Amino acid sequence: MGESKSDVLQGTLDLMVLKTLEAMGPLHGYGIARRIEQVSGDTLSLNQGTIYPALLRLEQRGWIHSEWGTSETNRRAKFYSLSRTGRKQIEMETENWERVAATMARFLAPS
Amino acid sequence: MDTLRTLLSRIASLFRSRRLDSELDEELRCHIDLAVEENLASGMSRKQARTTALRSLGGLAQTQALYRTQRGLPWVDAMMQDLGFAVRTLRKNPGFTLVAVLTLALGIGGNTAMFSIVNGVLLNPLPFPEPDRLVTLSESKANFARGSISYPNFLDWQKENRSFSAMATARFSAFSLTGRGEAEQVEAEFVSPDFLPILGVRPLLGRLIAAADNEAGSGPVVLISEGLWRRKFDAVPNILGQSITLDGRDFAIIGVIPANFHLRVPSFRDRDVYAPIRRWTNPLLMERGAGLGMHGIGRLKPGVTLEQARADMEQINRSLAATYPDADHGIGTTIIPMKEEMVGDVRLFLLVLLGAVGFVLLLACVNVASLLLARSAARSREFAVRTALGASRGRVIQQLLTESLLLGIAAGALGLLPAFWGTRAALKLLPAALPRAEEIGLDFRVLAFTTAISLLTGVLFGLIPAFKSSQTNPHSALKEGSRSSGGSHHRALATFVVAEMAITLVLLIGAGLMIRSLTQLWNVDPGFNPRNVFTFGLSLPPNFEGASPAKIRAEFRAINDRFASIPGVTGVSQAWGALPMNGEDDQLFWLEGQPKPKSQNDMSWFIDYIVDPDYLRIMQIPLQRGRFFTRQDDEHAPLVIVVDEVFAQKFFPGQDAIGKRIHLVYNSDKLAQIVGVVGHVKQWGLSSDDKQSLRAQVYLPCMQMPDAFIAMSPSASSVVVRYEGSLARAYESIRSANRQMSAQQVIYGDQTMESLVSDSIAERRFAMILLGAFAMLALLLACIGIYGVMAYLVSQRTAEIGIRMALGAQRGDVLALVLWRGARLALIGVGLGIGSGLAVTQFMRSLLFEVSPYDPATLAGVSLLLIAVAFLACLIPARRAASVDPMQALRTE
């Protein structure tokens, strides 16, 4: 089972979190982790705990905000949302990734 | 930008870690709950749901650790942990901690005290604006590098120079202050108007001396010191314009000089009164060739170097010499930076002492390092556990360094106490030896220094033990009952003992050489007997100002007779010229039969002692040939002089000086005949006798002084008195006799001749006392250190000793074994110490007096002392080793 999954690529988790928040709006840590797992179609082996240092990292950079709120099941949870600089960051990071992906694609294309 | 933000946020989180921890806990709890709910919904059992949730999270503890690493600054966290651990460890070993902290506190305190002295005297800028541009000025002549400036020359210098933004001159004088309580002698300085402004002095009240005050014919004005204002005027605010009676004349007070103004150069002291220099009305003031004890100060223009100023002055002096060949032939200007003038003499002393106290600190470090090392052997199991649990070597070193830094800082804080007391004790000990003593204190720079050496100390003594300890092999250390300390520990400890011995010996050699120098100095014959002699200044009542010379002479005769009649007083003499070790005075002359030299500057000089017939007996100067003065050598008799042996040899080599005659410049129409030859007196202190190559000494009778001189003496007389019995009683009798003669006749500035002699070697004595104290401290530290190390080594070898004894070794054998080990280390240390001592004491060469830096007696003496102390320090552990019960020792093994 494990060998078919790939580990989260270094540096991609941040962009995944930002895109998730862009798509879903404010969300708690568990929600973000589950969403990433779902979107990746369970091909990604995400250690859910790693989401929290990543969230803290993004918050320290000012790309996301957090506030305590109530979950859909009436639980006190911390909700994360994108900040203005976070939105800008998504654009930049996306461009970066597209460039890298395109470059990689050229290498991988049959010659 | 983002990184900065991250850093700030990380730092901020350091201060609220507890709240953030609980927030994270809550967040994770919520995460797991949500996961469990989802798993339950998908049909898992409650237990399975929980396990799966925890697994997909990746472990609670790991997540928390990961999160904390992101959140704070890991090294700060680690440091705080180490610090907490260090505090606990040190608290658990109060004995060790106490010894270590006290040892270091003494070392750091000594260094702080010494540094605060060095800082105050050498490093602090002078307390004047732009002090680097301040210089002192004097006039140089063929024989005199630092002679008096003549006022007309000064005016020309001031006018012609292009190097100084300002130049000023001053002449010391003294006034009798009357009309305000008991009459009093006050010290005065006649100054040119620029004098105080050059030094940036601002008056406390009123104004300084203006150029107009210095014009001939202007009204008499003075500035008074804050001290005089408080003492004599009760610090009344409306002092300005009030008059003060000095030498019987009224002066208007124009300002008050604050008490914090000090100018510590040899030719200037703190004065009570400052008057415009033209107020000194003696016609000699305007004579170009006159030497009246005037010295100058100057402020260089910005950017002008000393060399440029010297060249500038040289050119001016050449043109002065051309214009006034008689008076100014061969004159020059000596320019010296003011700071150098203030501290030049003591710089080397202080640096040597700072070096010595640095050695003491090094010794304290070695001591604590060896304590730590010995202790770390006992702690090796702890380090092994830590290493086994995954602590890296660097992490263990960091932990140990935290401990030693903590010790260092604690010691530094505690060391401020001995530093404070030490500085005060040093100042009390010998303030005379230290210029700028009032500027010594614990200021910001001193505290920074203490902090720095505390940290440095912590690293210094912590590094080797930390390094050694981190090498512990966890496997062998954890093995049951194994010996924990390896040979490398023992080698390091042995090195420490050797280093301690060597450092201590260097200090002992330094102190020993100083003590030898001082003993030599005390044995120097000053040429007179300072015991039971005191001297004081005497100023006649103001009505003697301008009195006839006959009246003044009669008054001095009456004073001498009155004082001499006091029981316990065995001799009284005026001393108007030089006094040994207390000021100098000189005269020009040429020999009978020689042509009078064209310029005064080509004449010969002698130091003049203008005295009464009793003087020789009072000072107990040996009479070698002929006779001294008698009362018959008075103003009506032919002029007579008595010369010292140096004069006789210098000017009449191979002849009999007695009967020869010389021309005295101040009295040149008469010839003075030599009637006696006496021994040479060490004029400038015990340690030097060739200042300004002016050594020839001549005695002149007071009563034969020319009338012009007699007219000046009422305000400037010194008296020497020989007494029997109690000094206090003799002095009090003199005082009361003086009061009976006149309420306005003032006695001031009393000093014993012995204190004058000992002041002349004050700096050396200061250095000796401190070096001696440092050396004794070092000896004590070394003793403790050697004892500690030997005791530790013995305890480590208890089992081995037990086996030896079980195999038949005698007590004596064991004793010899341990002592020999100590002796070997001591001998190596002594060898190294002598080697480095010889190199280090080179720097002391100029502080020594008739003792070679290689003095074999000193080297042998201190080496033996150190070996003896080391032997004693080894003896206790050795005896303990010898009393080991073999059975007991083997059982504990």
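Visitor: Which residues touch the most other members of the largest nonpolar core?

Guide: B:Phe195, B:Leu199, B:Leu263, B:Tyr615 and B:Tyr699, out of the 155 residues in that core. Keep in mind that this is a predicted model.

Visitor: What makes a set of residues like that a nonpolar core?

Guide: The members have to be buried residues of a nonpolar list that takes in Phe, Leu and Tyr, joined through side-chain atoms within 4.5 Å. The five names above are Phe, Leu and Tyr residues, so their types fit that list.

Visitor: And which residues is B:Phe195 in contact with, leaving aside its neighbours within four places in sequence?

Guide: B:Ala168, B:Thr169, B:Ala170, B:Leu263, B:Phe268 and B:Ile297. There's also a second, separate core of 46 residues, with B:Ile566, B:Leu591, B:Val698 and B:Ala737 among them.

Visitor: On to the sheet. In what order do the four strands of the open sheet in chain B come?

Guide: They go β12-β20-β11-β21, with antiparallel pairing. Neighbouring strands are turned by 25° against each other on average, direction ignored.

Visitor: Why do β12 and β21 of chain B count as edge strands?

Guide: Each has a single partner strand, so one side of each is left without a neighbour in the sheet. That goes for β12 at 569–574 and β21 at 746–752.

Visitor: How do you know that β11 of chain B pairs with β21(B)?

Guide: Count the bridges: pairing needs at least two, and β11 (residues 533–539) and β21(B) have five, in the antiparallel sense. For instance, B:Gly537 has B:Tyr748 as its bridge partner, and B:Leu538 stands opposite B:Ile747.

Visitor: What joins β11(B) to β20(B)?

Guide: Six bridges, with the strands running antiparallel. The cut-off is at least two bridges, so this counts as a pair too. Here B:Val533 stands opposite B:Arg722.

Visitor: Why is β11(B) called largely enclosed?

Guide: Buried means under 20% relative accessible area. Seven of the seven residues of β11(B) are buried, so the strand is largely enclosed by the rest of the structure. Both faces are covered, with B:Val533, B:Thr535, B:Gly537 and B:Ser539 on one side and B:Phe534, B:Phe536 and B:Leu538 on the other.

Visitor: Which helix lies across β11, β12, β20 and β21 of chain B?

Guide: That's α19 (residues 549–564), running at about 160° to β12(B).

Visitor: Which residues of α7 in chain B are buried?

Guide: B:Tyr151, B:Pro152, B:Asn153, B:Phe154, B:Asp156 and B:Trp157. These buried residues pack against β1, β2, β9, α10, α11 and β10 of chain B.

Visitor: Now the other chain. What makes B:Glu38 and A:Arg34 a salt bridge?

Guide: Their closest N and O atoms are 3.0 Å apart. The limit is 4 Å between a side-chain nitrogen of Lys or Arg and a carboxyl oxygen of Asp or Glu, so the pair qualifies. The count between chain B and chain A is five salt bridges.

Visitor: How much area do chain B and chain A bury between them?

Guide: About 2,400 Å², with 53% of it on carbon and sulfur atoms. In terms of contacts, 24 residues of chain B meet 26 residues of chain A.

Key
Residues are numbered from 1 along each chain as its sequence is written. Chains are lettered from A and ligands numbered from 1 in the order in which they are written. This is a predicted model: local features need pLDDT of at least 70, side-chain atom pairs count only at pLDDT 80 or more; totals for chains, interfaces and linings use all residues. Side-chain values use heavy atoms; hydrogens and water are left out. Helices (H or I, at least four residues) and strands (E, at least two) are DSSP runs, numbered from the N terminus. Axes are lines fitted to C-alpha atoms, for helices over the stretch in contact, and angles run from 0 to 180 degrees between N-to-C directions. Contact means heavy atoms within 4.5 Å. Buried means under 20% relative accessible area, exposed over 50%, partly exposed in between (1.4 Å probe, protein chains only). Buried area is the accessible area (1.4 Å probe) that two parts lose on being put together, summed over both.
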